[in-house]
Amino acid sequence: MKVPRRSFLGALAGLALATPLAAQGLGGGGDRSQALRVLLGRGAVDPIPGGFLFGGRRYRGSYSILADGRVINEVDFDDYLASVVPSEMSASWPAAALEAQAICSRGFILARSDPNRPYDLVPSELAQVYRGVESEQPASTAAVRRTSGMVLRYAHGFAQIEYSSCCGGYSESSADAWGGAPIPYLVAHPCPYCIGSPRFRWRTDLLAADLDAVAERIAPQVGALQEVRFTDLDRSGRARSVALHGAVGVARIPASRFRIDVGARRIPSLLVRRETALLTPGTQAFAGLHIEGRGLGHGVGLCQWGARGYALAGGSAQEILSFYFVGTSIGRI
Ligand SMILES: [Zn+2]
């Protein structure tokens, strides 16, 4: 059994961010020594030229096997990105949008990698799909290569990277979305570029039975639901709370909790513009909730449909990233 060697992330983890990496000989894009150790799981491995087969799929790079039998893929950072970027953004989108995504994904992965484990990454922990070579697309691979080694920087460190599908016309601040101290470049601001998203405007109907089940779990004291209101709008217009009006009382719960309990796919975002109680004809009993809203996802950081729209309008990757991460600059790992 081969023990995975320490990745370049392990080396990065020991550095003070204020020290220019280039001065320490670690800077520079396209460095083929920048290997990631990606946990694939258990299964049979068959070496092939340039890589290996695992689970019926072809992977680039080399592999090692932990004592417990789990397989780790040691893969060039850009080869990994070439596989996952087309899962994050359609490879048919404009080159500048793909470049912006590649730079964001690189920073996102760096920040969430753990050099203290025998592997840096568990793709599922990043909500990323890593299927090796079969996911690669020429356009996104080209975007990864053109941006090799590039990451977003702020002051003396890496910028915190967040992205979601469509902000619905107004991006969200990290502090409003998740709490914590405000981050100067993750702030709420209008986004005029994502109107082409199929989820820029959406509407959905939730059945009273489903909502009652949620209320019973979260706030059983309110009794049978009669009305649901999205309240406490933040600067972007997203609801921070949901008021559950029941036959016995009212409970106010975090909107994010409500969205997860109902199902994030059924409420695409918290940028709710209108909610209307559906009433049963005749009895006027609460039958459900009609919701109209905008956007898909949390809306913090890069708006992916916005990146597409900005690129179609002629924007470069740098302009796109400067718009969604105000005050950051493109630097090197
Ligand atoms: Zn947007």
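1. Start with the little sheet made of S2, S3 and S4: three strands in the order S2-S3-S4, open, with antiparallel pairing. Strands here are DSSP runs of E with at least two residues, helices are runs of H or I with at least four, and both are numbered from the N terminus. Pairing asks for at least two DSSP bridges between two strands. The edges are strand S2 (45–48) and strand S4 (57–60), each pairing on one side only. From one strand to the next, the twist averages 30 degrees; for angles, axes are lines fitted to C-alpha atoms (for helices, over the stretch in contact), and values run from 0 to 180 degrees between N-to-C directions. Strand S3 (residues 51–54) is joined to S4 by four bridges, antiparallel, and Phe 54 has Arg 57 as its bridge partner in S4.

2. Before you read too much into side chains, keep in mind that this is a predicted model: local features need pLDDT of at least 70, side-chain atom pairs count only at pLDDT 80 or more, and totals for chains, interfaces and linings use all residues. Residue numbers run from 1 along each chain as its sequence is written.

3. On to the overall picture. The chain has nine helices and 17 strands, and its C-alpha atoms fill a box of roughly 70 × 45 × 35 Å along the principal axes. Of its 333 residues, 42% count as buried, where buried takes 20 or more other C-beta atoms within 10 Å of the residue's own, exposed takes 12 or fewer, and partly exposed is in between, with C-beta atoms placed from the backbone. Among contacts with a separation of 6 or more, 68% come from residues 24 or more positions apart; a contact is two C-beta atoms, placed from the backbone, within 7 Å.

4. The domain split is worth a look. Domain 1 is assigned as 8–26 + 34–177 + 299–332, and domain 2 as 201–294; the bounds come from an automatic or database domain assignment. Their C-alpha centres lie 36 Å apart. Where they meet, eight residues of domain 1 are in contact with eight of domain 2. On the domain 1 side, those residues divide into one nonpolar, five polar and two charged. For the record, Ala, Val, Leu, Ile, Met, Phe, Trp, Tyr, Cys and Pro count as nonpolar, Asp, Glu, Lys and Arg as charged, and the others, Gly among them, as polar.

5. Another open sheet has three strands in the order S10-S15-S14, again with antiparallel pairing. Strand S10 (201–207) and strand S14 (272–279) are its edges, each pairing on one side only. Neighbouring strands are turned by 15 degrees against each other on average, direction ignored. Seven bridges link S10 with strand S15 (residues 286–294), and Arg 201 is matched with Arg 294 in S15 as its bridge partner.

6. On the other side of S15, seven bridges join it to S14, antiparallel, with Glu 275 bridged to Ile 291. S14 and S15 make a hairpin with six residues between them, and Gly 282 in the turn has a positive phi of about 90 degrees. Helix H6 (residues 208–218) lies across S10 and S15, at about 75 degrees to S10.

7. Helix H3 (residues 95–112) has 18 residues and reaches 26 Å from its first C-alpha to its last, close to the expected 26 Å at 1.5 Å a residue; the expected span is 1.5 Å times one less than the number of residues. H3 is mostly covered, with 14 of its 18 residues buried.

8. Three single residues to click on. Ala 35, in strand S1 (residues 35–42), counts as buried because it has 23 C-beta neighbours inside 10 Å; Asn 73 is 38 residues away in sequence and 9.4 Å away in space, C-alpha to C-alpha. Ala 127 sits in the loop between H3 and helix H4 (138–146) and counts as exposed, because it has 8 C-beta neighbours inside 10 Å.

9. Tyr 170 is in the loop between strand S9 (163–164) and helix H5 (174–178), and is buried because 20 other C-beta atoms lie within 10 Å. Leaving out residues up to four places away in sequence, Tyr 170 touches Ala 188, Pro 190, Cys 191, Ser 236, Gly 237 and Leu 271. Its C-alpha atom is separated by 8.1 Å from that of Pro 192, 22 residues apart along the chain.
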